[in-house]
Amino acid sequence: MSIPFYDGGVASGLLAGVLFGYVLEAAGFGSARKLTGQFSLKDFAVFKVMFTAVLVAAVGLYLLRVGGVIAGNAVFVPTLFFWAIAAGGMLIGAGFALGGYCPGTSIVGLASGRIDALVFVAGMVGGTAVFAYGFEPMTGFYFAAKGPDAQRLPDLLGLPEWQILAGLIVIAILGFRLGSRLERARGGPFTAEDVCVPGDAAGAKNNPTPSTQAGYVS
């Protein structure tokens, strides 16, 4: 292609980043309340948005490959290293729960002018620098418990790809319905007002005291 939209191009990276950031902000993920609401089972927007993105990408790539638009080896499939994946997953999950942001949503929060997002981004950059500095001594652990070379779920399970996709769609439908029930049971999900107003005002709205119920502010 003559236009710079290949996967390593600056233009494609900027375009994808702007579009991704816009979608994250439109979904309300620029507020830490959305992600912490997922961990407290009060707001399943993160699960619903991310699972929808996974399904759109998986089904879209499958259709493009079956239709001959892209080659079968056009998508890079990384090899798993289970201990590194497990340790990294626990660390990044703990960071999500403590900070209320992921790397992408923290940048969106920072662009929206949120101080907590600035603190999260500073910690993220510092943690990345520490990991880069200490990477060499950890290479033995990083490359331990190597999984099958570049295999996907259809390869690992020995099932046709369409059956894997159908299974994911069923899991998404069941997960969305369960998530909606839990949201209603726990007084969620958060509204646009909940994620936009300052913390004290949101807390007063969600947990009204007698004075705030009567319209007074102490």
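In this predicted model, helices α2 and α4 cross in a left-handed manner. A pair of packed helices is described by two values, the angle between the axes and the distance between them. For α2 and α4, the angle is about 115 degrees and the axes lie 8 Å apart. On the α2 side, the contact is made by A32, L35, T36 and F39. On the α4 side, the partners are G93, F96, A97 and G99. A general point about helices helps in reading such lists: an α-helix has 3.6 residues a turn, so residues three or four places apart point the same way.

Both helices can be looked at in a little more detail. Helix α2 covers residues 32-39 and includes Q38. Is Q38 buried or exposed? With a relative accessible area of 16%, Q38 is buried, because the cut-off for a buried residue is under 20%. Beyond its neighbours within four places in sequence, Q38 is in contact with D43, F44, A45, V46 and F47. Helix α4, in turn, spans residues 82-99 and has 18 residues. From its first C-alpha to its last, α4 reaches 25 Å, close to the 26 Å expected at 1.5 Å a residue. The residue that follows α4 is G100, and its phi is positive, near 80 degrees.

F47, one of the contacts of Q38, leads on to the aromatic rings. How many aromatic pairs does a search of the whole structure find? The search finds 8 aromatic pairs. One of them joins F47 and F176, whose ring centres are 5.8 Å apart and whose planes meet at 80 degrees, so this pair is edge-to-face. The pair links distant parts of the chain, with F47 in helix α3 (residues 45-66) and F176 in helix α9 (residues 161-185), 129 residues apart. F47 counts as partly exposed at 27% relative accessibility, and F176 is also partly exposed, with a relative accessible area of 25%.

Another edge-to-face pair is formed by F131 and F135, with 5.7 Å from centre to centre and 65 degrees between the planes. F131 counts as partly exposed at 41% relative accessibility. F135 counts as partly exposed too, at 24%. These two rings also belong to a cluster, in which ring pairs link F81, F131, F135, Y142 and F143.

Helix α1 offers an example of an exposed residue. V18 is found in this helix, which runs over residues 10-26. V18 has a relative accessible area of 57% and is therefore exposed, the cut-off being over 50%. In sequence, V18 and V108 are 90 residues apart, while in space their C-alpha atoms are 9.9 Å apart.

Finally, the chain can be viewed as a whole. What elements does the protein chain have? The protein chain has 12 helices and 0 strands, so that every element in its order from the N terminus on is written as α. Among contacts between residues at least 6 apart in sequence, 62% join residues at least 24 apart. Of the 218 residues in the protein chain, 22% are buried. The accessible surface comes to about 14400 Å², and carbon and sulfur atoms account for 71% of this area.

Definitions and conventions. Residues are numbered from 1 along each chain as its sequence is written. This is a predicted model: local features need pLDDT of at least 70, side-chain atom pairs count only at pLDDT 80 or more; totals for chains, interfaces and linings use all residues. Side-chain values use heavy atoms; hydrogens and water are left out. Helices (H or I, at least four residues) and strands (E, at least two) are DSSP runs, numbered from the N terminus. Buried means under 20% relative accessible area, exposed over 50%, partly exposed in between (1.4 Å probe, protein chains only). Contact means heavy atoms within 4.5 Å. Accessible areas come from the Shrake-Rupley method with a 1.4 Å probe; for residues, only the protein chains shown count as cover. The expected span of a helix is 1.5 Å times one less than its number of residues. Rings of Phe, Tyr and Trp (its six-membered ring) pair if their centres lie within 6.5 Å; planes under 30 degrees apart count as stacked, over 60 as edge-to-face and the rest as tilted. Axes are lines fitted to C-alpha atoms, for helices over the stretch in contact, and angles run from 0 to 180 degrees between N-to-C directions. A crossing is left-handed if the near helix is turned anticlockwise from the far one by less than a right angle, and right-handed if clockwise.
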